[in-house]
Amino acid sequence: MKQLIAFLAFTGLLMFCQPMAAQDSISTDSAMAETMVVDDAMLDDEALTEEGGGLHKVLKTKFIEGSTSFMALVALALVLGLAFCIERIIYLTLSEINAKKFMGDVDEKIQAGDIEGAKQLCRETRGPVASICYQGLLRIHESLDNIERSIVSYGSVQIANLEKGCTWITLFIAVAPSLGFLGTVIGMVMAFDKIQQAGDISTSIVAEGMKVALITTIFGIIVAVILQLFYNFILSKIEHLTSQMEESSITLMDSITRYKKLKVES
């Protein structure tokens with residue numbers, strides 16, 4: 001899973017670096033083209049292209065217009081946060097099973113006295129539900145209290161495994177807008193420095209500085225919103241798996257109780 005996170009982060013960084021590199025080459029070409037006369041037809045074509053660019057092109061343009069240092073940090077927070085989100089979603093999706101059908105099969109084997117078959121079924125089934133059932137079956141010849149304590153203890157371990165990495169997602173959710181606000185404050189300071197150097201409060205200088213400063217905050221909030229949506233989806237999956245574990249543990253205890261009673265009666 002760590003290798004998956006590293007691969008996703010590296011891929012995301014390449015995706016963000018390519019627009020910046022393209023923008024640098026575009027800026028160089030535009031600087032060379034300033035000495036040439038541009039006719040009205042070319043300007044009309046560029047206007048049509050910009051109008052039909054779509055939202056993603058607008059966001060890409062605004063991203064490049066922002067402060068490179070802080071926008072790169074915001075992009076890094078997005079890439080790393082998405083990498084952790086994707087890793088958690090894959091892990092949780094693979095952990096989901098048809099718990100009712102699985103517990104029905106386990107109960108049939110337990111009532112038939114095939115404890116080893118039930119253990120084998122748990123070993124061959126992925127996910128935390130099968131893991132806690134296997135831990136309970138390992139102590140099936142002990143008292144019910146010991147079996148229940150074992151299931152509860154191992155269930156806590158499985159819940160911790162489900163929530164692994166979520167703290168990093170919450171960190172990037174908090175860091176992204178904070179970096180945006182920091183970039184905004186520094187951008188405003190730089191704008192006031194330009195005003196001081198110009199010796200005059202020019203509307204164009206103020207507007208340009210404020211626009212660049214506020215772009216970092218906008219993208220920081222966008223990143224936080226995107227990661228928050230993924231995080232809430234992950235929490236819903238964790239809650240679903242947790243409820244499956246609780247229901248399955250109750251079903252397993254009932255099955256073991258019936259098995260012990262039949263064994264005593266026989």
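## Close-up views of a helical chain

**Ile226 is found in helix 10, which spans residues 203–265.** Helices here are DSSP runs of H or I with at least four residues, strands are E runs of at least two, and both are numbered from the N terminus. This is a predicted model, in which local features need a pLDDT of at least 70, side-chain atom pairs count only at pLDDT 80 or more, and totals for chains, interfaces and linings use all residues. Residues are numbered from 1 along each chain as its sequence is written, and side-chain values use heavy atoms, leaving out hydrogens and water. Ile226 is partly exposed, with a relative accessible area of 31%; that label covers values between buried (under 20%) and exposed (over 50%), found with a 1.4 Å probe and protein chains only. Ile226 belongs to a nonpolar surface patch together with Leu214, Ile218, Ile222 and Phe230. The five side chains share about 370 Å² of accessible area, a value from the Shrake-Rupley method with a 1.4 Å probe, where for residues only the protein chains shown count as cover. Patch members have over 30% relative accessible area and no salt bridge; nonpolar side chains (Val, Leu, Ile, Met, Phe, Trp, Tyr) are joined within 5 Å, and like charges within 9 Å.

**Val74 in helix 4 meets Phe219 in helix 10.** Is Val74 buried or exposed? Val74 is buried, with a relative accessible area of 1%. Phe219 is buried too, at 11%. These two residues stand 145 places apart along the chain, yet their C-alpha atoms are separated by 7.4 Å. The C-alpha atoms of Val74 and Ala224 are 9.6 Å apart, with their positions 150 residues apart in the chain. Leaving aside residues up to four places away in sequence, Val74 touches Ala176, Leu179, Gly180, Phe219, Gly220 and Val223; a contact means heavy atoms within 4.5 Å.

**Phe102, Val106, Ile110, Ile234 and Leu252 touch the most other members of the largest nonpolar core.** This core has 45 residues. Such a core is a set of buried Ala, Val, Leu, Ile, Met, Phe, Trp, Tyr and Cys residues joined through side-chain atoms within 4.5 Å. At least two core residues come from each of helix 4 (68–95), helix 5 (99–111), helix 6 (115–124), helix 7 (128–138), helix 8 (144–162), helix 9 (166–198) and helix 10. Which helix gives the most to this core? Helix 10 does, with 13 residues. Look around Leu252 and you will find Met103, Val106, Ile110, Ile132, Cys133, Gly136, Leu137 and Ile151 touching it, not counting residues up to four places away in sequence.

**Glu96 and Lys237 join their side chains in a salt bridge (3.1 Å, N to O).** This pair links distant parts of the chain, with Glu96 in the loop between helix 4 and helix 5 and Lys237 in helix 10, 141 residues apart. A salt bridge here is a side-chain nitrogen of Lys or Arg within 4 Å of a carboxyl oxygen of Asp or Glu. Glu96 is partly exposed, with a relative accessible area of 23%, whereas Lys237 is buried at 11%. Side chains of opposite charge can pair when their charged atoms come close.

**Two other salt bridges join Arg88 to Glu87 and Glu116 to Lys119.** Arg88 and Glu87 meet at 3.0 Å, N to O, and both are buried. For Glu116 and Lys119 the N to O distance is 3.7 Å. About one helical turn separates Glu116 from Lys119 because they are 3 residues apart in helix 6. Lys119 is buried, with a relative accessible area of 12%. How many salt bridges does a search of the whole structure find? The search finds 5.

**Confidence is lowest in helix 2 (residues 40–51) and highest in helix 7.** The means are 41 for helix 2 and 93 for helix 7, on the pLDDT scale, the predictor's confidence in each residue from 0 to 100. Over residues 13–52 the pLDDT is below 50, and this stretch has 11 contacts in the model beyond near neighbours in sequence. Where pLDDT is low, the predicted coordinates should not be read in detail. The chain averages 77, and 68% of the residues score at least 70.

**The chain has 10 helices and 0 strands.** Buried residues make up 34% of its 266 residues. Among contacts between residues at least 6 apart in sequence, 82% join residues at least 24 apart. The accessible surface comes to about 15,900 Å², and 64% of it belongs to carbon and sulfur atoms.
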